[in-house]
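Let's take a walk through a protein model together, from its packed inside to its open spaces. Have the sequence and the 3D view ready.

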Amino acid sequence: MTSRFILIFLDGLGLGSAGPQNPLSDPATMPHCQALWAHPLLAEVQVQRPRFLLKPIDATLGVPGLPQSATGQTTLYTGHNAARFRGKHQTGFANGSLRQLIEAHGLFKRVLAQGGTATLANLYSPAYFEAIAQRRWRYSVCTLLNMTAGLPFRMQYEYERGTAIFWDITGEIASSRGIATAPITPELAGSYLATLGNHHSITLFECYLSDYAGHARAYDQAVAVLQRIDRFLATVVASLGPQTSLIVVSDHGNVENLATKCHTLNAVPLWVVGPAAHAFTTVEDLTGITPTILANLLTPDGVKGIAQK
Ligand SMILES: [Zn+2]
């Protein structure tokens, strides 16, 4: 069966061992998702049921050093090993040579080429693009992914009508910066994302809360953001249309080990719910996400997509 996809990227969330350093050891940290997983979100987790897959995948990509966001995200959204391409793990932003991979092999462009539709659900602001124009800020991978596909960015007027979500899920930060009016609940954000997802071949949402909490090494803050993510994810799962599959994935570990403020070498979770879940059983690392999406895409005329690597 072919699928639409909602891809939720959670920055810096790996699969670690149980212990006081890992807020995910406590089932109460993510109770709603925990009920779906029926296993703690720890190393070696492996759950496979009809329309349901949860497994560890490698984030180190065979390159020495701690995995970083720019190469991890580029790998996720192109299917090409960006860490190998760069010869190292690259932090933060995607300027320079990574753009070559995104431009040529970006998931959004290829979904459009297969006759599908793609959208980035994240809220953007004019201030973001002004900062880039003034060279105070640089492009993230998902910004380049969207831009190189020639797709528009979702702005405040779309946020106000429920068709954009800020990266912190509730929009508290956007509200404090004056780019959104009032914060919303994680449940409302989840239902907004599910609605977008039921209208596009691929809908991407990126959340960085987990990575910031991991770098901060603050246990209570980590639990609070994971609880927010839990409520959000559970609502998306509950709101999925029959042809929509949800993929949740990360680029590297971080928040699962608060004993260090650095990223970790841990595997990351790949969680897929929906009709395409079985197709992801063979994915072993970050390179497998894009080709598997492209091979299982529901295009408007219902024709199964053909992956072109
Ligand atoms: Zn980080």
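Before looking at a pocket, it helps to know how helices are named: a helix here is a DSSP run of at least four residues, and helices are numbered from the N terminus. Keep in mind, too, that this is a predicted model.

**The pocket**

With that in hand, which helix gives the largest share of the lining of the largest pocket? That's α6, with three residues. The pocket itself holds about 790 Å³ of space and has 27 lining residues. Nearest its centre you'll find Tyr128, Trp137, Trp167, Tyr208 and Tyr212. Three elements each give two or more residues to the lining: α2 (69-78), α6 (126-133) and α11.

Let's stay with α2 for a moment. Is it enclosed or open? Since 10 of its 10 residues are buried, α2 is largely enclosed by the rest of the structure. Among those buried residues are Ser69, Gln73 and Tyr77. Right after α2 comes Gly79, with a positive phi near 80°.

**The zinc site**

Now go to α11, which also carries a zinc ligand: His215 sits in this helix (residues 209-216). Which atoms hold the zinc ion on the protein side? Asp211 gives two OD atoms, while His215 and His263 each give NE2. These donors lie 2.1 to 2.6 Å from the zinc ion. The angles among the four donor atoms run from 54 to 143°, and the site is irregular. That label follows because four donors count as tetrahedral only if all angles lie between 85 and 135 degrees.

Along the sequence, the donor residues follow the spacing D-x3-H-x47-H. His215 and His263 link distant parts of the chain, being 48 residues apart, and His263 lies in the loop between β6 (244-249) and β7 (268-273). Are the two histidines buried or exposed? His215 counts as partly exposed, because its relative accessibility is 33%. His263, at 7%, counts as buried.

**The core and a cavity**

Next, the inside. The largest nonpolar core has 100 residues, and Ile8, Phe108, Leu233, Trp271, Phe280 and Ile293 have the most contacts within it. Helix α12 (residues 219-238) supplies the largest share of this core, eight residues.

Trp271 is a good residue to click on. Leaving out residues up to four places away in sequence, Trp271 touches Cys33, Leu36, Trp37, Phe52, Leu53, Leu54, Leu233, Val237, Leu246, Ile247 and Val248.

Trp271 turns up again in the lining of the largest cavity, along with others including Leu10, Met30, Trp37, Leu233 and Pro269. How much space lies in that cavity? About 70 Å³. The model has two cavities of 30 Å³ or more.

**Two arginines to look at**

Finally, here are two residues other than glycine that have a positive phi.

| Residue | Phi | Place | Relative accessibility |
|---|---|---|---|
| Arg51 | about 60° | loop between β2 (47-49) and β3 (52-57) | 44% |
| Arg135 | near 60° | loop between α6 and α7 (141-148) | 77% |

Why do they get separate labels? Exposed means over 50% relative accessible area, so Arg135 at 77% is exposed, whereas Arg51 at 44% counts as partly exposed.

Note on methods: Residues are numbered from 1 along each chain as its sequence is written. This is a predicted model: local features need pLDDT of at least 70, side-chain atom pairs count only at pLDDT 80 or more; totals for chains, interfaces and linings use all residues. Side-chain values use heavy atoms; hydrogens and water are left out. A nonpolar core is a set of buried Ala, Val, Leu, Ile, Met, Phe, Trp, Tyr and Cys residues joined through side-chain atoms within 4.5 Å. Buried means under 20% relative accessible area, exposed over 50%, partly exposed in between (1.4 Å probe, protein chains only). Contact means heavy atoms within 4.5 Å. Donors are N, O and S atoms within 2.8 Å of the metal (3.2 Å for Na, K and Ca); water is not among the atoms, so sites may look incomplete. Four donors count as tetrahedral if all angles lie between 85 and 135 degrees; four count as square planar and six as octahedral if opposite donors are over 155 degrees apart and all others between 65 and 115; anything else is irregular. On a 1 Å grid over the protein atoms alone, a cavity is a set of points where a 1.4 Å probe fits but cannot get out, and a pocket is an open set with protein on both sides within 12 Å along at least five of seven lines; lining residues have an atom within 4 Å of a point. Grid points are joined across faces, edges and corners, and a volume is the space filled by probe spheres set on the points.
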